[in-house]
Amino acid sequence: MFLTHLHCTACGLKHEWSRLQNLCRACQKPLFAEYNLAALAKSWRSESLATRTRSLWRYREVLPLPFEVEPVSLGEGGTPLVRAERFGRELGLTSLWIKDESINPTQSFKARGMSVAVSMAKFLGAKKLAAPTAGNAGGALAAYAARAGLEANIFMPNDTPKANVIECRELGAKVTLVDGLITDCGAEIARRKEKEGWFDLSTLKEPYRVEGKKTLGYELAEALGWNLPDVILYPTGGGTGLIGMWKAFAEMESLGWIGPKRPRMFTVQASGCPPIVRAFEAGETSAEEIRNAHTRASGLRVPKAIGDFLMLRILRDSKGGAIAVDDEEMIDATREIGAAEGLFVAPEGAACFVALRKLTAKGMISPNEQVVIFNTGSGIKYLECYEP
Ligand SMILES: Cc1ncc(COP(=O)(O)O)c(C=O)c1O
Ligand SMILES: [Zn+2]
């Protein structure tokens, strides 16, 4: 295995990887997994991927978990990057692509993070797992915990889409509905975890969900022949995918697989819950919590994210930006995308199409630039949003 240690994203303090770990012991900020990339650069060629399975575990050398340990896997990752020709043409774009994450196990990209995090939690001895969720992460945790033979304790707001709640229960998880937001769910877990013996899998509050999500970046580069697109639009709640991809880009450059070019990264949020958009516009380095956050795109209803400072840095370093869209626009766009491209996207994915239309109208994206949108989930999980 090439994992060497965990490294605090804020104060730089090193931590061992070999025991269950949440935040930095010194400053309570997120920890990143670090690998011996110098050794890997000498021995690992991207060509070796050609014969490997189409799961995110094909990038095993840059994932945690000793090689002899079987990952907890349901076939996550390896999703298609599909051309969105008709929708692109309408906006005057010649190269628009959708990374369709709805075909993951439990129908969202949350499967990536949970496969890696549950694998590591099990390996390091956790027996009972707990996580707050906007919905999709709960379904994924329930599935991977069941697969691992571990207990899942899932806390979600009481107005989470019904499909997510039912899915978690049918996968054998213990579900608690909370009268509040995902931040209240997280606080409830923090209050009880010690007494209950739960390992807290809140995103970016343990080091490995981001490792699973970073494989979005590896897959993108691999699909594009070890190039990165000009622009990425990412529907942002906790920001784990955005942060993970940026980490993956740096790793791939260290491996000699890609050059220094980076996409302009755009965060897309809902008008009813835009903490990162507000902070970006105000030139802040961290984001204020949003009061009375509301949006039907439940994955975007994250009023405060622990990785806010990392996201804001990435948006600025990449010369990208942050944009908020209204719920009505997302819901209306779903049918347009569906009819044009044959994908029933999640509202979070739809939000990116609306954002793209706004950015092209403002001239912030040029016609021949290569643009990738992340459809992070499936519309099937949000039927309430489409009922008349
Ligand atoms: C479908 C969907 N898209 C986007 C997000 C936001 O993901 P992230 O936490 O990586 O910002 C979520 C989170 O729940 C989600 O379920
Ligand atoms: Zn620290």
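Is glutamate 251 buried or exposed? In this predicted model, glutamate 251 is a residue of helix 8, which runs from 240 to 254. Its relative accessible area is 4%, and since buried means under 20%, glutamate 251 counts as buried. Apart from neighbours within four places in sequence, glutamate 251 is in contact with Tyr35, Leu37, Val62, Glu211, Lys214 and Tyr218.

Helix 8 also meets another helix. Two packed helices are described by the angle between their axes and the distance between the axes. For helix 8 and helix 10, the axes come within 10 Å and cross at roughly 55°. The two helices are therefore oblique to each other, and their crossing is left-handed. On the side of helix 8, the contact is made by Leu242, Ile243 and Trp246, and on the side of helix 10 by Leu310, Met311, Ile314, Leu315 and Asp317. Sorted by class, this contact of helix 8 with helix 10 has seven nonpolar residues, no polar ones and one charged one.

A second pair is helix 3, residues 110–123, and helix 7, residues 209–223. Their axes come within 6 Å and cross at roughly 130°. Helix 3 and helix 7 are therefore oblique to each other, and helix 3 passes helix 7 in a right-handed crossing. From helix 3, Lys110, Arg112, Gly113, Met114, Val116 and Ala117 take part in the contact. They meet Arg209, Glu211, Gly212, Lys213, Thr215, Leu216 and Glu219 of helix 7. By class, the contact of helix 3 with helix 7 has four nonpolar, three polar and six charged residues. Glu211 of helix 7 has already appeared above, among the residues in contact with glutamate 251.

Ahead of helix 3 there is a loop that starts from strand 5, residues 95–100, and asparagine 104 lies in this loop. Asparagine 104 is buried, with a relative accessible area of 3%. Not counting residues up to four places away in sequence, asparagine 104 touches Glu76, Gly77, Thr79, Phe109, Ala111 and Arg112. One of these, Arg112, is also part of the contact between helix 3 and helix 7. Asparagine 104 and serine 55 are 49 residues apart in sequence, and their C-alpha atoms are 9.9 Å apart in space.

What covers a helix in the fold? Helix 9, residues 275–282, has the buried residues Pro275, Ile276, Val277 and Ala279. Their cover includes strand 11, helix 10 (308–317) and strand 12. After helix 9 comes glycine 283, whose phi is positive, near 75°.

Helix 11, residues 327–341, can be described in a similar way. Helix 11 has 15 residues and reaches 21 Å from its first C-alpha to its last, close to the 21 Å expected at 1.5 Å a residue. An α-helix has 3.6 residues a turn, so residues three or four places apart point the same way. The buried residues of helix 11 are Asp327, Met330, Ile331, Ala333, Thr334, Ile337 and Ala340. Among the elements that cover them are helix 2 (85–90), strand 11 (264–270), strand 12 (321–325) and helix 12 (347–361). Just after helix 11, glycine 342 has a positive phi of about 80°.

Positive phi values also occur here in residues other than glycine. Lysine 319, in the loop between helix 10 and strand 12, has a positive phi of about 60° although it is not a glycine. Lysine 319 is exposed, with a relative accessible area of 65%. Glutamine 28 has a positive phi as well, near 60°. Glutamine 28 lies in the loop between strand 2 (14–15) and strand 3 (31–35), and is partly exposed, with a relative accessible area of 48%.

Asparagine 22 lies in the loop between strand 2 and strand 3 too. Asparagine 22 is partly exposed, with a relative accessible area of 22%. Leaving aside neighbours within four places in sequence, asparagine 22 is in contact with Leu31, Lys193, Phe199, Asp200, Lys205, Glu206 and Pro207. Asparagine 22 and valine 175 are 153 residues apart in sequence and 22 Å apart in space, C-alpha to C-alpha.

Definitions and conventions:
Residues are numbered from 1 along each chain as its sequence is written. Chains are lettered from A and ligands numbered from 1 in the order in which they are written. This is a predicted model: local features need pLDDT of at least 70, side-chain atom pairs count only at pLDDT 80 or more; totals for chains, interfaces and linings use all residues. Side-chain values use heavy atoms; hydrogens and water are left out. Axes are lines fitted to C-alpha atoms, for helices over the stretch in contact, and angles run from 0 to 180 degrees between N-to-C directions. Helices (H or I, at least four residues) and strands (E, at least two) are DSSP runs, numbered from the N terminus. Angles under 35 degrees count as roughly parallel, over 145 as roughly antiparallel, 65 to 115 as roughly perpendicular and the rest as oblique. A crossing is left-handed if the near helix is turned anticlockwise from the far one by less than a right angle, and right-handed if clockwise. Contact means heavy atoms within 4.5 Å. Ala, Val, Leu, Ile, Met, Phe, Trp, Tyr, Cys and Pro count as nonpolar, Asp, Glu, Lys and Arg as charged, and the others, Gly among them, as polar. The expected span of a helix is 1.5 Å times one less than its number of residues. Buried means under 20% relative accessible area, exposed over 50%, partly exposed in between (1.4 Å probe, protein chains only).
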